[in-house]
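I opened this notebook to keep a record of what I looked up, one topic at a time. My plan is to begin with the whole chain and then turn to single residues.

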Amino acid sequence: MYDDKKVLDEAAIAEVHTLFEKTEARSVLERYAARYKEKAIQALTRTKLPDATKIVLERVTHALVPDAIIESR
């Protein structure tokens with residue numbers, strides 16, 4: 001799978017999205033994402049990284065897993 005150099009086109013992504021919806025996998029994946037987002041932010045607060053770095057990493061985390069996903073749990 002990781003050696004496959006194919007670029008996913010919009011149709012392939014739409015097909016996966018449809019499969020996730022049909023199998024209810026999307027809601028499961030969203031719950032996992034929300035859970036690990038919270039764990040990532042908690043771990044980040046315990047690090048000794050500079051505050052500026054923590055802010056950037058927290059923003060990246062929020063961008064990758066928007067609050068809308070967490071609210072839909």
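The entries below follow the order in which I looked things up.

**Entry 1: the whole chain**

I note at the start that this is a predicted model, and I read every value below with that in mind. I counted the elements and found four helices and zero strands in the protein chain, so that, because helices and strands are taken as DSSP runs numbered from the N terminus, the order can be written as α-α-α-α. I then looked up how much of the chain is covered, and buried residues make up 12% of its 73 residues. The protein chain exposes about 6,400 Å², and carbon and sulfur atoms supply 59% of that area.

**Entry 2: H1 against H2**

At what angle do the axes of H1 and H2 cross? I found that the axis of helix H1, which covers residues 10–23, comes within 5 Å of the axis of H2, and that the two cross at roughly 95°. An angle from 65 to 115 degrees counts as roughly perpendicular, and therefore H1 is described as roughly perpendicular to H2. On the H1 side I listed His-17, Phe-20, Glu-21 and Thr-23 as the residues making the contact, while Ala-25, Arg-26 and Leu-29 make it on the H2 side.

**Entry 3: the loop between them**

I next looked at Glu-24, whose place is in the loop between H1 and H2. Glu-24 has a positive phi of about 60°, although it is not a glycine. Is Glu-24 buried or exposed? With a relative accessible area of 58%, Glu-24 is exposed, because the word is used for values over 50%.

**Entry 4: salt bridges**

How many salt bridges are there? I noted a count of two, and I wrote down each of them with its distance from N to O. In one, the side chains of Glu-21 and Arg-26 meet at 2.7 Å; in the other, the side chains of Arg-26 and Glu-30 meet at 3.0 Å. Arg-26 and Glu-30 lie four residues apart in helix H2, which covers residues 25–46, and so they are separated by about one helical turn. Since the salt bridges share partners, Glu-21, Arg-26 and Glu-30 are joined into one network.

I also looked up how covered these three residues are. Glu-21 is partly exposed, at a relative accessible area of 39%, and Arg-26 is partly exposed as well, at 36%. Glu-30, at 17%, is buried, because its value falls under the 20% cut-off.

**Entry 5: a nonpolar patch**

Which residues form the nonpolar patch on the surface? I found Val-16, Phe-20 and Leu-29, which together have about 230 Å² of accessible area. Leu-29 is found in helix H2 and is partly exposed, with a relative accessible area of 42%. I noticed that Phe-20 and Leu-29 had already appeared in my list for the contact of H1 and H2.

**Entry 6: H2 against H3**

Last, I looked at H2 and helix H3, the latter covering residues 51–64, and found that they pack at an angle of about 180° with their axes 10 Å apart. That makes H2 roughly antiparallel to H3, because angles over 145 degrees are counted this way. The contact is made by Lys-37, Ile-41, Leu-44 and Thr-45 of H2, and, on the side of H3, by Lys-54, Leu-57, Glu-58, Thr-61 and His-62.

Methods
Residues are numbered from 1 along each chain as its sequence is written. This is a predicted model: local features need pLDDT of at least 70, side-chain atom pairs count only at pLDDT 80 or more; totals for chains, interfaces and linings use all residues. Side-chain values use heavy atoms; hydrogens and water are left out. A salt bridge is a side-chain nitrogen of Lys or Arg within 4 Å of a carboxyl oxygen of Asp or Glu. Buried means under 20% relative accessible area, exposed over 50%, partly exposed in between (1.4 Å probe, protein chains only). Patches are made of residues with over 30% relative accessible area and no salt bridge: like charges are joined within 9 Å, nonpolar side chains (Val, Leu, Ile, Met, Phe, Trp, Tyr) within 5 Å. Accessible areas come from the Shrake-Rupley method with a 1.4 Å probe; for residues, only the protein chains shown count as cover. Axes are lines fitted to C-alpha atoms, for helices over the stretch in contact, and angles run from 0 to 180 degrees between N-to-C directions. Angles under 35 degrees count as roughly parallel, over 145 as roughly antiparallel, 65 to 115 as roughly perpendicular and the rest as oblique. Contact means heavy atoms within 4.5 Å.
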